[in-house]
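Let's take a walk through this one together, starting with the overall fold and then moving inside. Keep the viewer open as you read.

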Amino acid sequence: MHPARAHAIDYRIATERSHAEFGIRLLWLRKITGRFEQIDGDITLSPHHDTATVDARIEVNSIRMDSERFRRWVLAPEFFDAEQYTTIHFISAPVPIAALEQGGALDGWLTLRGVTRPTRFELLPAHCSSSSPQNCLIELHGSIQRGDFGMTGYRTALSDRVELGLVIALDEAR
């Protein structure tokens, strides 16, 4: 079940300064990585400003990779299936604002290839000031099992574990 949306958006994800990345092991020797250049969404504070909720959408076609051949392959139906599923969506459970300074677990729901599953990311400590949110970078790292999201092709060549990361810069909502 997804959390209810809060009343007002307090911060927007600064698309031009944010990105998401993934990595997967090929034949357990080589790591294939990619970087999604288009991520948008918002950060909403609770009425008491003691917790925040992250709502991030990643455009699958915005992926950049070193190899065009690998890029075509990860966009194909066996992996991200970008033609049918154009976005990856993450909505966090409310997280205490104090966790921005200290780091810790960030639970939420990840929707990938039309499948929504509970997901846990590690929130790295960030030094954010309410007076200058544009200088804040929120970093999340975690992993999923690709089979949980219907990504079952190439089982003999690819690890089931996919590493995910988000680097989110903020802008004040308009």
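First, the inventory: two helices and twelve strands make up the secondary structure of the chain. Keep in mind that you're looking at a predicted model. Going along the sequence, the elements come in the order β-β-β-β-β-β-α-β-β-α-β-β-β-β.

Now zoom out to the overall dimensions. Along the principal axes, the C-alpha atoms fill a box of roughly 50 × 30 × 30 Å. How does the radius of gyration of the chain sit with that of a compact globule? For 174 residues, a compact globule would come out near 16 Å, and the chain has 16 Å, so the two agree.

What about the split between inside and outside? Of the 174 residues, 44% count as buried. On the outside, the chain exposes about 9,400 Å², and carbon and sulfur atoms supply 50% of that area. As for how the chain is wired together, take the contacts between residues at least 6 apart in sequence: 61% of them join residues at least 24 apart.

For a concrete example of such wiring, go to Ile13, a residue of strand S1 (residues 11-13). Is Ile13 buried or exposed? Its relative accessibility is 5%, and the cut-off for buried is under 20%, so Ile13 counts as buried. Look at what sits around it: leaving out residues up to four places away in sequence, Ile13 touches Ser18, Ile39, Asp40, Gly41, Asp42, Asp55, Ala56, Ile168 and Ala169. Pick out Ala169 from that list. Ile13 and Ala169 are 156 residues apart along the chain, yet their C-alpha atoms are separated by 5.9 Å.

Next, the empty space inside. The count of cavities of 30 Å³ or more comes to one. The volume of this largest cavity is about 100 Å³. Its lining has 14 residues, and those closest to the centre are Phe36, Ile58, Ile88, Leu110 and Leu164. Which elements give two or more residues to the lining? They are strand S2 (19-26), strand S9 (104-112) and strand S12 (158-172). S12 gives the most, with four residues.

Finally, consider the chemistry of that lining. Its residues divide into twelve nonpolar, one polar and one charged. If you'd like a spot to centre your view on, try the group of Phe36, Ile58, Ile88, Leu110 and Leu164, the lining residues closest to the centre of the cavity.

Notes: Residues are numbered from 1 along each chain as its sequence is written. This is a predicted model: local features need pLDDT of at least 70, side-chain atom pairs count only at pLDDT 80 or more; totals for chains, interfaces and linings use all residues. Side-chain values use heavy atoms; hydrogens and water are left out. On a 1 Å grid over the protein atoms alone, a cavity is a set of points where a 1.4 Å probe fits but cannot get out, and a pocket is an open set with protein on both sides within 12 Å along at least five of seven lines; lining residues have an atom within 4 Å of a point. Grid points are joined across faces, edges and corners, and a volume is the space filled by probe spheres set on the points. Ala, Val, Leu, Ile, Met, Phe, Trp, Tyr, Cys and Pro count as nonpolar, Asp, Glu, Lys and Arg as charged, and the others, Gly among them, as polar. The radius of gyration is taken over C-alpha atoms; the globule rule is 2.2 Å times the number of residues to the power 0.38. Buried means under 20% relative accessible area, exposed over 50%, partly exposed in between (1.4 Å probe, protein chains only). Contact means heavy atoms within 4.5 Å. Accessible areas come from the Shrake-Rupley method with a 1.4 Å probe; for residues, only the protein chains shown count as cover.
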